[in-house]
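Got the viewer open and a selection box ready? Let's take a walk through this one, stop by stop.

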Amino acid sequence: MPPTPPPHARRSVVSPIFLVFLVFLIPRSLSTEIIDRIAITVGNQVVTESQIHEEIRVTAFLNRDQIDLSGAAKKEAADRLIEQALIKREMDLSRYPLPELSDAGESLQSLKAMYSNEMAFQDALQAYGITVDELTRRLWWQLTLLRFIDYRFRPGIQIPPADVQAYYRQQVSEWQQKGIKPIPTLEESRDQIEEILTQKRIDQALDRWISDTRKQVTITYLDPALRPAAPPAVPPAVQ
Amino acid sequence: MLVVLCSALLSAAADEYEGKPIASVQFDPATQPLTFEQLMAMLPLRIGQPLRGSDLRGAIQRLYQTGEYTDIAVDATLAPTGVNIKFLTKPAYFIGYFDIKGVPEPPNEGQLLVATKLVLGGPYTPSDTSAAVERIVDLLKRNGFYNAGVEPATSTRPSTQEVHIDFSADPGQRAKFDGLVANGNALRPLDNLINSSGWKRFRGWFGWHELTETRLQNGLDNIRSWYPKHDHLLAQVTLENLGYDSEANTVTPVLSINPGPPVLVRLRGAKLSAGKLRSLLPIYEERAVDRDLLEEGSRDLASYFQTKGFFDATADYLMATPPNGEQLIDYHVSLGVRHKIVKLEIHGNHYFDDATIRERMSVIPATLVRYRYGRYSRPALDRDLDAIRNLYRANGFRNVEVTSRVLDDYNGVAAHIAIFIDIAEGPQWFVAKLALEGVSDDSRPALMLLLHSTQGQPYSDLAIATDRDNVLDYYFNHGYPSAKFDFTSVPSGQADRVDLTFSVTPGERVYVRNVVVDGLKQTRPDVVTDRISLRADDPLSQSQISDSQRRLYDLGIFSRVDAAIQNPDGDEPTKYVLYSIEEAGRYSMNVGVGAEIGRIGGSTTSLDSPAGVTGFAPRFLFGISRLNFFGLGHTMSLQTLVSTLEQRALLTYVAPQFLGNPNFNLQLSGLIDASHDIRTFSSLREEGSIQLGQKLSRANTLQYRLTYRDVVILGKPLISPELIPLLAQPVHVLVPSMSFIQDKRDDPIDSHKGTYTSIDLALALKAFGSQTGFGRVVARNSSYYQLTKDLVLARTTDFGLIERYAGASEIPLPERFFAGGAFSDRAFPDFQAGPRDPNTGFPIGGNALFMNTVELRFPLFGDNLGGVLFNDLGNVYSAVNKISLRFRQENLQDFDYAVQGFGFGLRYRTPLGPVRVDFSLSPNSPRFFGCEGSINQLYQCGVSPSVPQTVQRINVFQFHFSLGQAF
């Protein structure tokens, strides 16, 4: 006869199973459910749990990836939303005029054009659990972000002629290796090179700005599971 | 696994409710910081409308933005009519009050409170308390309390979401200095360093001082300051550690001293004292030698000599490093010729007169005393031209051009300079039309009164900037903290005219949820609430918050009144206004020592020197005040004075802002005064009075007073014996009186312009028990005229009249007018004006007074020393019908004429007012008969040949020392 487990041991085994049963057995109409809550606060803005879910679904839809609701994927989505909240805060502070929602129509049409017909597009949305409204809002937000980043950082970017020449020399070397002919002159390539370098510098400036702003704005993780892993400790130097 | 499961459930749950109608919205807990209606007004959710996840997210964001919550979740339940929504909220808490007790100064309470970095009204998190404790302990340690312990006691007020934190400190014993260790080559003996530091008590006789942050820093600064004076500009003195000995609770600071190479600074081509050179050259202040500082020193030297008249002065430097390791810095100054600004003329100015423009200029032509060569340098002239341009532009002259011509050797005289300022004003621009957009009809009339850029007024950027500030101030003070202002201007159809449009976006109006007062212990709450003008549901007004704070400070019973808005960054329609108050100590003491020097001397028992001799009277003051009597904000104080001339005790009870009205104050006072400041007699005065002060306006004040006075002449007055029964009887009077004061001076301590008028009416009523009945009128009128920027003409006229109507046949001595002295007619010593006893020559006061003083006040040297030329005229007269401006004294019994005093005075400006010395020469000072002998020979004075009468005279030369202008 097996030994009788002590009462507390029995409880520890039975209780989780019992709870899971309760969750599925109690009729929905009689239960109350948390349908959304704050996951992270960024200054006076919030990132809600439903926002993280939507971010994952819409991103997966746009990238035509599988929906990944793992902890790591949520952390990544939460991090993106924190960065967007910081930019949104900057937009509010600088009274940046937001574009109309209808401005996202062109992007939506381009996206629809990737599907064979409207039905296929709607099926795809349903498969990812998102609505047209949610997708439109996301496209509008992407547009707003891109325009604001350009407005905010481009004026501070200067491309010295030496950098253009250095980039051109590097390109020429690559073209020669690839056997591309005829090789365009520096003057023919200047505008294009300047734009490429400007975009690179805007990205760098944005990264720096986000890094600095993160230190200035209080970010609180109400859902500890979303907290980024602490950077690995630097081992003490050996004397 | 549970997290994944919950996430999946959350997602599924949200989908399940999407699009279903909202049946109800609730909040948990039911008691929320804002009312249900306020909450629903701000949320994008409506009963009966379909539930959208994005709206729900917006609702959470909006609620969080109020700043009132730290966590929000949304709970949903399916109901037959749709979805019941419930917001589960966790309230935020805010710092409502914090104080620190138990720490002896230093650090003082203010430093401790600042060190906590807690912000009144700001959001609170538990980590704030522990961080504050760490900072307090750190500050205490820096002040020698190495074993300090700090215990926070935190309590919450859920109804107002406040957290109160009381820090209780047990500082322990303060550590003492116990020596000094100097590493490196200090170039000085250790004892010398210790003496410089000041860490050891006087010559070490009383051990070492206690460690405080200020004392440590001062000591280091003192040690450092030795080196630049001894040519070691680059010396580095750093504190390595404090060397704390926990056993002995002492510190032995360990310093690292590197004197650096000797740096010799020499000045060629001009002469300056070593101290002046050190104050001019930045290398001494910065204790560093680099190219920028050396060049800055050259500019400073040139500029210094330019202000001395060497307008062409230039300076340069050479630096060398000889083999011996020294650094040599030679400043070469080329002074050039000493110039003189003989003329400064302004041409082309029509809109502004010369005086208005010159007020804005730092370039000054030569004057007789103060600026012997004038003041000029090219940069200064350029700044002046800019200032003139800005003046014109601020008044609509947008195209003004201002240029200068500097002519050397003017009129053929070498080194004479003339400066001509040429102004081309151009057209003046005006506002043709002003439109106000976004302004309600209620606010429009009040706003229009605040604006400068109205129709027909000059158009300028400065005026618009001022208007912007005024408009935003108006909105901020009427509950619109996020109001925004924009303007546009377009040319109107007419020339030099613009149409202006001011656009205001008021934003959401914010109201006062309630006013919360914390920190009262003794004070009755209504004393505070009566002085706070804001009430619940009033629009939030920053000016009313600070006005109320000022009124509380004005009570004089609080050492700290902090005012703040709770949750300042929260976006919500109502807010708490917090007043955090620290009551001042209930007792305060003051002690003072001083002296009077003047013609105040002479024995009280001698008939000699009725006009006084130069004397010295030390005085000691002691006072004690009990603040906040009965918790009503009233103050009772006892002030005593003891000197060889006077002994006085004054007890007062003051009720400021009487009955909560800031325009009224009540004062009760009792006085006992034994004095001999009037040479003629000593008196004992007992007086009680009650006075109600009423402030009619900023300039005008009324005082209503009832005084009971009982005066007894002590001993025998130095007057003819037959007059004693008439003039020296003990007398008590009851005097209702009223004063009107109008003060329009720019600065009461040292006035430059404005007027001052006072009229005092008093009636000693026989019916009220006075032994004598008389009426008294005293009036003063002063006016001040600023002739130029530095030249002030001041005048004052005093008039007084006493008219007896009942009781004793003569006005008793103590009730008569006595005048003369530093604040009166300076031709006289103190209280020596007016009628005198015909036998003894001592002053017996008069029944009328007329005095007029004219002063010309001007600067002498620098900014602090000024001079005064004055003429004092007048006297105390025997009766009002005897007032005369006659110059000559008719006979030795005639005192009813105007005594003139001409003089010169010096004024040295101090924070307490000018220190004053006046020298007066009086060509018609009174002559009179006097006797020489003791008081016992009073009866023989003028009668017996043994006590002969002699003709005496008030000295024609008088001097007066005092503080403050004469009027």
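Two strands count as paired here if DSSP finds at least two bridges between them. Keep in mind as you click around that this is a predicted model.

**Stop 1: β32, β33 and β34 of chain B**

With that in hand, select residues 731–743 and 754–764 of chain B: these are β32 and β33, antiparallel strands joined by 7 bridges. For a landmark, pick Ser739(B), whose bridge partner in β33(B) is Asp760(B). Now add residues 772–786 of chain B, which is β34; β33(B) pairs with this strand in the antiparallel sense over 11 bridges. On that side, click Ala762(B) and you'll find Arg776(B) of β34(B) standing opposite.

**Stop 2: β25, β26 and β27 of chain B**

Move to residues 587–601 and 613–629 of chain B. These are β25 and β26, which run antiparallel with 13 bridges between them. Which residue of β26(B) is the bridge partner of Met589(B)? Ile624(B) is the one to label.

Next, bring in residues 634–643 of chain B, strand β27, which runs antiparallel to β26(B) and is joined to it by 9 bridges. Label Ser625(B) together with Ser637(B), its bridge partner in β27(B). β26(B) and β27(B) make a hairpin with 4 residues between them. Zoom in on the turn and check Phe630(B): its phi is positive, at about 55°.

**Stop 3: a mixed sheet in chain B**

Show the open sheet of 3 strands ordered β8-β12-β9 in chain B, where the pairing is mixed. At its edges are β8 (181–184) and β9 (236–241) of chain B, each pairing on one side only. Neighbouring strands in this sheet are turned by 30° against each other on average, direction ignored. Now highlight β8(B) along with β12, residues 254–258 of chain B: the two run parallel and share 4 bridges. Ala182(B) is a good atom label to add, since it stands opposite Leu255(B) in β12(B).

**Stop 4: arginines over rings in chain B**

Switch to sticks for Arg826(B) and Phe870(B). The arginine lies over the face of the ring, 3.8 Å from its centre. Then do the same for Arg857(B), which lies over the face of Phe967(B) at 5.1 Å from the ring centre.

**Stop 5: aromatics in chain A**

Over all chains, the structure holds 31 aromatic pairs. Try Tyr115(A) and Phe121(A), an edge-to-face pair with 5.6 Å from centre to centre and 65° between the planes. Are these two buried or exposed? Both Tyr115(A) and Phe121(A) are buried. Widen the selection to Phe61(A) and Tyr128(A), which form one aromatic cluster with Tyr115(A) and Phe121(A).

While you're in chain A, click Asn117(A), in the loop between α4 (105–112) and α5 (118–128). Its relative accessible area is 39%, so Asn117(A) counts as partly exposed. Draw a C-alpha to C-alpha distance from Asn117(A) to Gly179(A): these residues are 62 apart in sequence and 42 Å apart in space.

**Stop 6: two crossing helices in chain A**

Finish with residues 71–93 and 132–153 of chain A, helices α3 and α6. Their axes come within 11 Å and cross at roughly 60°. α3(A) and α6(A) are therefore oblique to each other. Rotate the view until one helix sits in front of the other: the crossing of α3(A) and α6(A) is left-handed.

Technical notes:
Residues numbered from 1 in each chain as written. Chains lettered and ligands numbered in written order. Predicted model: local features only at pLDDT ≥ 70, side-chain atom pairs only at ≥ 80, totals over all residues. Heavy atoms only, no water. Phe/Tyr/Trp six-rings, centres within 6.5 Å; stacked < 30°, edge-to-face > 60°. Buried < 20%, exposed > 50% of the residue type's maximum accessible area, 1.4 Å probe, protein only. Lys NZ or Arg CZ within 6 Å of the ring centre and 35° of its normal. Axes fitted to C-alpha atoms, helices over the stretch in contact; angles between N-to-C directions. Parallel < 35°, antiparallel > 145°, perpendicular 65-115°, else oblique. Left-handed = near helix turned anticlockwise from the far one by under 90°.
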